[in-house]
Amino acid sequence: MTKVFSGVKPTGRPHIGNYFGAFTRWASEQDTGHLYCVVDLHAMTVPYDPEELRTRTHELAAWLLATGIDPDRATLFVQSHVREHAEATWILDCVATMGELGRMTQFKDKGGGRDSVSVGLFNYPVLMAADILLYHAEEVPVGADQRQHVELSRDIAQRFNHRFGETFTLPKATFPPAGARIMDLQHPDRKMSKSDESPQGTIDLADDADVTRKKIMRAVTDSGTEVRSGEDKPGVTNLLELLSAATGRTVAELEAELAGARYGDFKKQVAEAVIERLRPVRERYAELAADPHAVADTLAKGAERARQTAAATMADVRARVGISA
Ligand code: AMP
Ligand code: TRP
């Protein structure tokens, strides 16, 4: 059985891009050797509100459960509940180099060369390496933007093993199939991301059916009238891919069926398919939100399970690097 680890940051509200691009994939591939983590420590690298972090961490975990992550099979937990992540980060900090961290494009983009950014932002990929290496993960499902971070985790693991003896498994990133990227409904040339940046272009999981319908009906389409995918039709292509993701049918099948359809009717069909697909997830979320203790309990059990592996790895690491057990 392949060991898998992935994480998601509790920043912003989760949207249907996260759902179709990551959460459903995690849920459908989940197995007993898989760990899924709400990485709250990673959400602290830029200014934030503590109360909001607490709430969003809990809500995101509830959305993952609502999506179908089964805590009796996969391990679902919150990063900060397992203290070994922070401890491993320090030790790996002494193996990672300034040069390799300085080359991370995410740091360069987000840091913008400013002196005022936190050391945590710089150090972000080492914490991510700790997440992955503590559990000997072989595969790390991520979006393409995280490829560099997973490769760095691999480099750090290799250097550690070379210096201190075989300790860590070398992980590799895996990526969603093409088409799993949902684009912004108002700007189909960029991927759907947090709703504060593009409220009309982003459908939050927490949006209700009416809001979902309105946003899809107002999505930008392209010139011409044909419902088909193609580089000259980014808006229609995105809606076709959304329809495909919501129905499980291929874009080619949908194109054939929709030949001759009007944009308005096409959008109506996309809206209803997305609403139907999300209905049970939203209902399940509402149930979980009404019972916060049950979610907290599930997360406590997940952390306990994760800690067993993390603690064993750290015992080995401490012995190898020459610090007290
Ligand atoms: P983020 O919201 O950027 O922290 O991403 C969390 C997870 O959702 C990552 O695995 C991303 O690759 C995935 N994701 C984010 N936005 C999209 C999108 N628009 N389409 C598909 N997957 C996405
Ligand atoms: N950095 C990842 C992102 O922004 C989130 C993350 C943190 C992660 N730790 C991880 C992903 C470990 C995979 C494995 O999406």
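This short presentation covers the surroundings of ligand 2 and the packing of two helices in a predicted model.

Good morning, colleagues. Allow me to begin with ligand 2. Its shell comprises 13 residues, and those that come nearest are His42, Tyr124, Met128, Asp131 and Gln146. By class, the shell holds 7 nonpolar, 4 polar and 2 charged residues.

Which residues place a polar side-chain atom beside a nitrogen atom of ligand 2? Tyr124 does so at 2.7 Å. For Asp131, the distance from a polar side-chain atom to a nitrogen atom of the ligand is 2.7 Å. Gln146 likewise presents a polar side-chain atom, lying 2.9 Å from a ligand nitrogen.

How much of ligand 2 does the protein cover? On its own, the ligand has 370 Å² of accessible area, and the protein covers 90% of that. Two elements, β1 (4–8) and α6 (119–134), each supply two or more residues to the shell. The largest contribution is that of α6, with 4 residues.

I turn now to the helix pair. Helix α1 spans residues 16–29 and helix α2 spans residues 50–67. Their axes approach to within 9 Å and cross at roughly 65 degrees, and the crossing is right-handed.

Which residues form the contact between α1 and α2? On the α1 side they are Tyr19, Phe23, Thr24, Trp26 and Ala27. These meet Leu60, Leu64 and Thr67 of α2. Sorted by class, the contact consists of 6 nonpolar and 2 polar residues, with no charged residues. The shell around ligand 2, by contrast, does include 2 charged residues.

Thank you for your attention.

Definitions and conventions. Residues are numbered from 1 along each chain as its sequence is written. Chains are lettered from A and ligands numbered from 1 in the order in which they are written. This is a predicted model: local features need pLDDT of at least 70, side-chain atom pairs count only at pLDDT 80 or more; totals for chains, interfaces and linings use all residues. Side-chain values use heavy atoms; hydrogens and water are left out. Axes are lines fitted to C-alpha atoms, for helices over the stretch in contact, and angles run from 0 to 180 degrees between N-to-C directions. A crossing is left-handed if the near helix is turned anticlockwise from the far one by less than a right angle, and right-handed if clockwise. Contact means heavy atoms within 4.5 Å. Ala, Val, Leu, Ile, Met, Phe, Trp, Tyr, Cys and Pro count as nonpolar, Asp, Glu, Lys and Arg as charged, and the others, Gly among them, as polar. A residue is near a molecule or strand if one of its heavy atoms lies within 4 Å of it. A polar contact is a pair of N or O atoms within 3.5 Å; within protein, one must be able to donate a hydrogen and the other to accept it, and residues adjacent in sequence count only if both atoms are side-chain atoms. Accessible areas come from the Shrake-Rupley method with a 1.4 Å probe; for residues, only the protein chains shown count as cover.
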